[in-house]
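User: Hi! Could you walk me through this model? I'd like to start with how the chains meet.
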Amino acid sequence: MNEYLDKIVAKNLVKNYELKEKQGFFRPKKRRTVHAVKDISVEIPKGKITGLLGINGAGKTTTIRMLSSIIVPTSGTLTMDGVDAVANHLWVKERINVISGGERNLYWRLTAVENLQYFGSLYGVSGSVLDERIRGLLEIVGLTEAADTPVERYSKGMKQRLQIARGLINDPEYIFLDEPTLGLDIVIAKEIRALVMELAAKHHKGVLLTTHYISEAEELCDYIYVLDKGAMIAEGTKEDLKDLLGYERKVVSQIKEPDLEETLMYLINHSRGEHA
Amino acid sequence: MKNILLVMKAEIKKQQEHNYHSYFVYFSLLIWPVLGFLEVYYTYKPFSLTGNFIGISSGKELLAFLATGYMAYNCYWSMVQNAWSMSYQERTGGTLEVSFLSPASRMAMNYGKALGALLQEVWMFCCFCLFILLYAESIRWDNIFLLPVIFILLLGSSTIWGGMMNAIFLFSRDAEIFMDLFDTPMVLFSGTRIPAACFPVWAKVISLLFPLTYCLNIIRLVLHITGDGAGIGADLLRLGICLLLMVGITKVLLRRAEANNRKNGELQFY
Amino acid sequence: MVRVIGATYKKNRIGIIRAMPWSFIVSRVVTGVTQIVFPFFIYHYFLAGNLNADFGVYTGGADYITYIVLGAALNVLAVSTLMNVGRALITELREGTLEVLLLSPASRTGYFLGCLGEQTMRALLEFGTVLAVGGIFGADLRQTFTLQFVLVILLAILGFFCMGLSLSAVMLEARDTYITQNTLFFLMSLTCGIAFPIQYLPQWVQSFAQIFPLTPAVELFRRVMIHGQGIGENVELLAQLLILSVIYAVIGIVWFRRKERILIERIFG
């Protein structure tokens with residue numbers, strides 16, 4: 001039992017989507033099954049940053065949506081601190097939150113404070129506790145001065161930072177970050193990375209991070225899973241992953257130590273059976 | 001319970017903050033309904049109202065009849081419209097999915113949305129209708145105590161109606177056509193512009209499907225505007241049954257919408 | 001210019017076929033049918049044909065249902081034409097293709113005529129649907145396929161098209177379609193004599209209604225359809241319709257030219 005405590009454990013998760021395709025007005029709809037995620041197993045321990053790496057369309061978003069109990073897996077098991085997360089999804093939802101990159105998921109006509117008040121209330125936080133928490137969060141993400149400005153006047157980076165505040169409003173034990181630095185300039189991206197690091201190290205939260213910026217994964221993640229075409233093709237610490245390649249590299253006797261980007265490309269190509 | 005109230009309060013507050021900014025609302029919430037009201041009033045002009053037609057025998061009685069009809073209809077219809085526009089905005093904005101990511105009570109979120117929209121959207125036109133009712137002498141000093149009763153009835157029943165609309169629109173992404181098809185039958189058969197009592201039997205049967213029918217019957221009975229309806233007790237009972245049924249349907253729909261989404265991920269919409 | 005008309009026709013046609021604006025079409029037909037159904041219910045079920053004497057005087061003794069159906073159908077034609085022409089430019093603006101159009105030397109009139117040609121078939125289809133529904137409700141439509149009928153409809157489309165040019169400029173100026181078009185349509189169906197003779201309205205409203213081409217058009221349409229009159233017998237209505245068309249066309253074109261200069265400067269600015 002103990003091996004399930006203080007972490008989210010996913011075993012053999014599979015997600016298939018049934019697509020119905022219209023074929024004109026009167027012909028029956030054609031059904032097609034899309035295998036979005038094929039048999040993956042992941043662990044997200046508290047206090048660590050777990051990375052999920054892959055190119056666009058690799059199945060990262062579907063995986064994160066399953067792990068955060070937004071969607072149910074077609075098969076496989078998912079537990080959080082030993083509790084069945086599929087059956088008890090509302091219990092899970094109290095203890096997690098999801099932050100995705102981009103500018104969505106906020107009410108643009110509302111101010112930062114109004115947004116946070118609304119989302120806080122959905123988690124049953126109210127009164128002075130909520131006010132205090134909002135003040136603290138705005139401080140952390142550096143939006144104190146823009147607290148009463150409608151979000152539509154925010155820059156991209158400010159919206160992203162407010163998203164992070166929104167994701168922390170229920171003081172979650174586990175945080176899912178879906179490409180949190182997508183499209184941001186290097187300065188802001190760096191600030192956000194520092195914040196993510198702090199969440200795991202200082203506040204002992206379990207963090208799952210998806211990204212396709214290799215350097216980001218290299219800098220932050222304690223453990224990395226590599227996804228391609230819905231399947232897990234490699235996992236390990238970044239040293240493990242490099243070793244994997246390093247071993248083969250030695251055969252062709254290259255001197256330069258491979259960086260993670262090369263490693264990733266190699267892994268993807270290798271799993272697809274392309275050795276060019 | 002405390003959390004349910006908290007969520008409802010948050011939804012109402014959010015609706016107000018969300019809609020506050022645009023001057024558009026004066027057109028869609030006041031000017032258009034008033035123009036529509038006048039058009040219907042003038043459509044009656046070619047007819048002579050001499051002779052008692054189901055309790056309407058003068059221009060003022062007709063005005064009172066139309067004002068009550070329009071006021072109640074406006075409440076119900078604004079619920080349909082709001083359910084459509086908010087479901088679209090929240091879907092494309094990604095906020096719908098985020099709200100479903102929280103453990104908040106789905107019913108509370110749903111009814112909070114409806115009540116918030118209602119308070120926000122109907123007050124201007126209701127003021128206009130009240131003015132007409134005062135002018136038509138349907139509301140006088142001696143029966144002004146009925147106003148709060150009417151408002152509670154209207155608010156309560158349209159919120160429950162709106163909750164059902166919100167739940168329905170969780171299933172479908174664009175239902176503009178559905179809205180068009182819904183609009184005319186509801187106006188016609190629930191007796192907002194023409195007394196349902198004069199309908200042929202088939203039309204009366206259809207009118208029983210709309211809770212707005214009972215709500216209007218009660219309001220008009222209380223204000224002594226027309227004599228139709230089954231009597232206040234029977235209409236209250238029917239409205240009550242309708243409302244309970246709608247709450248039940250809403251609950252089932254919400255559960256199914258969420259289960260559906262958990263299977264297919266349909267609440268997000270890129 | 002012919003080529004511009006052809007190209008615009010073709011482009012809009014393809015766009016329409018790919019993504020038919022069903023919601024607009026259904027909405028307009030439903031509006032038209034609604035405008036028939038309500039008076040029908042009042043007339044047949046509620047007030048049992050109890051028309052007052054004024055109605056006979058104002059309409060020359062017209063049959064009520066026929067009167068209503070003709071109004072509702074022509075209103076749909078007006079709304080459809082105004083929407084299709086009026087929204088053409090702002091749709092291009094929203095999709096980002098307006099700049100391309102402005103930078104080309106293509107004839108602007110040709111562009112609008114292309115829009116007109118492409119939309120007329122759809123508008124007539126909606127008009128015909130409402131008219132046919134009206135026939136089912138008992139309207140007398142025996143005059144439908146006469147030369148006079150065709151001429152009136154062509155004149156009406158001309159009037160609505162010219163007004164559409166002005167509307168297009170207004171929409172471009174205000175960068176809005178929703179508020180502008182709905183306010184206009186509510187005003188038109190209240191004041192132009194669609195569901196009741198305008199003589200019932202206050203005098204100043206009647207005068208105001210004369211600025212809409214729909215007012216003379218619907219009157220002319222009813223005279224032809226109900227009383228079998230010819231256009232030649234109604235020179236004053238014909239003149240009003242033509243004058244309004246010229247005025248709206250000139251306003252629309254001048255306004256658009258000015259707007260065009262500003263927009264082009266902005267492209268390069």
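Analyst: Happy to; we can take the chain contacts, then a helix pair, then an annotated domain. One thing up front: this is a predicted model.

User: Sure. How many residues do chain C and chain B bring to their contact?
Analyst: Chain C contributes 35 residues and chain B contributes 34 residues. About 3400 Å² is buried between the two chains, and 77% of that comes from carbon and sulfur atoms.

User: Which three residues of chain C supply more of that area than any other three?
Analyst: Those are C:Phe38, C:Phe41 and C:Phe46, which supply 21% of the area that chain C buries against chain B.

User: And what about chain A with chain B?
Analyst: That pair buries about 3100 Å², with 58% of it on carbon and sulfur atoms. The contact draws 32 residues from chain A and 37 residues from chain B. On the chain A side, A:Arg104, A:Arg109 and A:Leu122 lose the most area to chain B, together 23% of what that side buries.

User: Switching topic: how do α3(B) and α5(B) pack?
Analyst: Helix α3 (residues 59–92) and helix α5 (residues 106–135) of chain B pack at about 160°, with axes 9 Å apart. Because the angle is over 145 degrees, α3(B) is roughly antiparallel to α5(B). The crossing is right-handed.

User: What residue classes sit in that contact?
Analyst: Between α3(B) and α5(B) there are 17 nonpolar, 4 polar and 4 charged residues.

User: Last one: what does UniProt list for residues 27–259 of chain C?
Analyst: An unreviewed UniProt entry gives "domain: ABC transmembrane type-2" there. In the model, that stretch of chain C is 78% helix and 0% strand, and its end C-alpha atoms are 31 Å apart.

How values were computed: Residues are numbered from 1 along each chain as its sequence is written. Chains are lettered from A and ligands numbered from 1 in the order in which they are written. This is a predicted model: local features need pLDDT of at least 70, side-chain atom pairs count only at pLDDT 80 or more; totals for chains, interfaces and linings use all residues. Side-chain values use heavy atoms; hydrogens and water are left out. UniProt positions are given in the numbering used here, feature names are shortened, and annotations may be inferred rather than shown by experiment. Helices (H or I, at least four residues) and strands (E, at least two) are DSSP runs, numbered from the N terminus. Axes are lines fitted to C-alpha atoms, for helices over the stretch in contact, and angles run from 0 to 180 degrees between N-to-C directions. Angles under 35 degrees count as roughly parallel, over 145 as roughly antiparallel, 65 to 115 as roughly perpendicular and the rest as oblique. A crossing is left-handed if the near helix is turned anticlockwise from the far one by less than a right angle, and right-handed if clockwise. Ala, Val, Leu, Ile, Met, Phe, Trp, Tyr, Cys and Pro count as nonpolar, Asp, Glu, Lys and Arg as charged, and the others, Gly among them, as polar. Contact means heavy atoms within 4.5 Å. Buried area is the accessible area (1.4 Å probe) that two parts lose on being put together, summed over both.
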